[in-house]
Amino acid sequence: SYKFWATQPVPRLDEQSTAEKPDGPIKEVIRELVPKDAAPLPEGYEWVELDLTSDAEVKEVYNLLSQHYVEDDHAMFRFNYSAVFLDWALKSPDWKKSWHIGVRAKGPSRLLVATIFGIPIKLKIRQNVVDVVEINYMCVHKKLRSRRLAPVLIKEVTRRCNLDGIYQAIYTGGVVLPTPVGSARYYHRSLDWLKLYEVGFSPLPPNSTQARMIARNQLPPNTSTPGWRVMQEKDIDAVLDLLVRYLDRFNLTQVFNRAEIEHWFHNRHKPEDQVVLSFVVEQDGKITDFASFYCLESSVIGKMSEKHAKIRAAYLYYYATEQAFNPKEKGLKERLLQLGQDLLIEAKKAKFDVFNALTLHDNPLFLEELKFGAGDGQLHHYLYNWRTKPINGGINEKNLP
Ligand code: YNC
Ligand code: MG
């Protein structure tokens, strides 16, 4: 029924078939009419801006999310975004404190019970480039669920963004809402099959054995792409140039600037705190390829948690290759298989248990051959206050002539 979402500038679920309208805002926002004050919260709670320059406040966000954020459908695993990860994800270039929103209990505990966060990004949606807010980490404490607090959080972040002249948003979620612009499926590649089996993540297929599954998921000990190495600070401009051209082939993509390449891909953390691992291929002094993954643990919360408390997952992040500009499409697939294999080897060396990827961008070209298997999770992509036709097959529709 979507009582809240029916009031919002998003396409209705049954709208696909209606007459074609041009791409653009669904509703014009009149700046003068944007409320100057936040909507009231239930008695006993108050709005706060979180100060993520304070390690103590980052830790409070970590504590809320580690207990109350996204779980799988069977409540076996819960994302465990680390404090360094949150610091990285929420303090990207031009971040604004007023888009880091919390709800606290009044009174001495001041307990943080809900959050919603936005960061500013530039998004290319087909022929338009739009300044939007990317919304993430909406979370309500389990004891306050189903009290219509989520719509209040969403309206408040919308109000604050509108006051800053931002009227569009992008967000993702596992739940179906009006209306995905695209949908992707999670795929998983076992790196430590036995551990994944022991925590109940990977099944033992009928007609197979543990020994066979372990052997099937073996990887060579070392990478094999000539010129493959860790990305360094001196590579930032080359990666910017390559990645921007590569992503321009797609109909829905972030448009990165130099500061963002540095922030999102260049490691500034101590090795044990690394959130993103980025690699380049240098051939004859030229950067021809780029590939990255980020680190996100999940807590094992079900009854299988006795032996292992955490799953260390690597998530395929951005990548790019000059091979995409070679007219032979087959060359692209071969190159991506090569780069993907080396990423898996790097993740294995760094002691990850599983490598996850979505069926978007060029990923479907290599997932099956690299022994990724389809998971049961979906990730839907949503745009707020922007009309555009659905982008085919998730967000991997190519922007080719
Ligand atoms: C969700 N994930 O449908 P209707 S993803 C959006 N995204 O509204 P209540 C959601 N809406 O159906 P609860 C949603 N989940 O009546 C539920 N809803 O129209 C809608 N889980 O509210 C739902 N984090 O407060 C319904 O539900 C209404 O107490 C019900 O709270 C929901 O961060 C939630 O999965 C998700 O913490 C906070 O369950 C809670 O259950 C929770 O009664 C675990 O809410 C953690 C979790 C969500 C992760 C994410 C992206 C969020 C995007 C929000 C939309 C942003 C729009 C753009 C704003 C800026 C615009 C500009 C400019
Ligand atoms: Mg609620």
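A residue counts as buried when its relative accessible area is under 20% and as exposed when that area is over 50%. The exercises below apply this to a predicted model.

**Exercise 1. Classify Phe-290 as buried or exposed, and state which kind of aromatic pair Phe-265 and Phe-290 form.**

Step 1. The relative accessibility of Phe-290 is 1%, so Phe-290 is buried. Phe-265 also has a relative accessible area of 1% and is therefore buried.

Step 2. The structure contains 33 aromatic pairs. In one of them, the ring centres of Phe-265 and Phe-290 are 5.1 Å apart and the ring planes meet at 80 degrees; because planes over 60 degrees apart count as edge-to-face, this pair is edge-to-face.

Step 3. Phe-265 belongs to helix 7 (residues 258-265) and Phe-290 to strand 11 (residues 286-300), so this pair joins distant parts of the chain, 25 residues apart.

**Exercise 2. Find which elements are tied together by the pair of Phe-265 and Tyr-318, and describe the surroundings of Phe-265 in helix 7.**

Step 1. Phe-265 and Tyr-318 make an edge-to-face pair, with 5.9 Å from centre to centre and 80 degrees between the planes.

Step 2. Tyr-318 lies in strand 12 (residues 310-321) and Phe-265 in helix 7, so the pair ties together parts that are 53 residues apart in sequence. Both Phe-265 and Tyr-318 are buried.

Step 3. Helix 7 has further buried residues: Glu-260, Ile-261, His-263 and Trp-264 are buried along with Phe-265.

Step 4. At the N-terminal end of helix 7, Asn-257 acts as a cap, with a side-chain oxygen 3.2 Å from the backbone nitrogen of Ala-259.

**Exercise 3. Locate Ser-278 and identify what its side chain reaches.**

Step 1. Ser-278 is part of strand 10 (residues 276-283). Its relative accessible area is 2%, so Ser-278 is buried.

Step 2. The side chain of Ser-278 comes to 2.8 Å from the backbone oxygen of Phe-265.

Step 3. With neighbours within four places in sequence set aside, the contacts of Ser-278 include Phe-265 and Phe-290, the two rings of Exercise 1. Val-230, Met-231, Asn-267, Ala-291 and Ser-292 are also among these contacts.

**Exercise 4. Describe the burial of Phe-355 and what it touches.**

Step 1. Phe-355 is in strand 13 (residues 354-358). Its relative accessibility is 1%, so Phe-355 is buried.

Step 2. Phe-355 and Leu-191 are separated by 164 residues in sequence, while their C-alpha atoms are 6.9 Å apart in space.

Step 3. Residues up to four places away in sequence are not counted here. Phe-355 then touches residues including Tyr-187, His-188, Arg-189 and Leu-191. Phe-293, Ala-314, Tyr-315 and Leu-316 are also among the residues it touches, as are Leu-343, Leu-344, Ala-347 and Phe-372.

**Exercise 5. Determine which residues and elements surround ligand 1.**

Step 1. The shell around ligand 1 has 35 residues, and Trp-5, Met-138, Ser-146, Arg-148 and Ala-150 come nearest.

Step 2. At least two shell residues come from each of strand 5 (128-140), helix 3 (149-163) and strand 6 (169-173). Helix 3 contributes the most, with 8 residues.

Step 3. By class, the shell comprises 24 nonpolar, 7 polar and 4 charged residues.

Step 4. Polar backbone atoms also approach oxygen atoms of ligand 1: Val-140 at 2.9 Å, Leu-149 at 2.9 Å and Ala-150 at 2.8 Å. On its own, ligand 1 exposes 1200 Å², of which the protein buries 87%.

**Exercise 6. Locate the backbone exceptions at Arg-126, Arg-148 and Thr-179.**

Step 1. Most residues other than glycine have a negative phi, and most peptide bonds are trans.

Step 2. Arg-126 has a positive phi, near 50 degrees. Arg-126 sits in the loop between strand 4 (112-125) and strand 5, and its relative accessible area of 16% means that it is buried.

Step 3. Arg-148 likewise has a positive phi, about 65 degrees. Arg-148 is placed in the loop between strand 5 and helix 3, and with 53% relative accessibility it counts as exposed.

Step 4. The peptide bond from Pro-178 to Thr-179 is cis, with omega near -15 degrees. Thr-179 lies in the loop between strand 6 and strand 7 (182-190).

Key:
Residues are numbered from 1 along each chain as its sequence is written. Chains are lettered from A and ligands numbered from 1 in the order in which they are written. This is a predicted model: local features need pLDDT of at least 70, side-chain atom pairs count only at pLDDT 80 or more; totals for chains, interfaces and linings use all residues. Side-chain values use heavy atoms; hydrogens and water are left out. A residue is near a molecule or strand if one of its heavy atoms lies within 4 Å of it. A polar contact is a pair of N or O atoms within 3.5 Å; within protein, one must be able to donate a hydrogen and the other to accept it, and residues adjacent in sequence count only if both atoms are side-chain atoms. Accessible areas come from the Shrake-Rupley method with a 1.4 Å probe; for residues, only the protein chains shown count as cover. Helices (H or I, at least four residues) and strands (E, at least two) are DSSP runs, numbered from the N terminus. Ala, Val, Leu, Ile, Met, Phe, Trp, Tyr, Cys and Pro count as nonpolar, Asp, Glu, Lys and Arg as charged, and the others, Gly among them, as polar. Buried means under 20% relative accessible area, exposed over 50%, partly exposed in between (1.4 Å probe, protein chains only). Contact means heavy atoms within 4.5 Å. Rings of Phe, Tyr and Trp (its six-membered ring) pair if their centres lie within 6.5 Å; planes under 30 degrees apart count as stacked, over 60 as edge-to-face and the rest as tilted.
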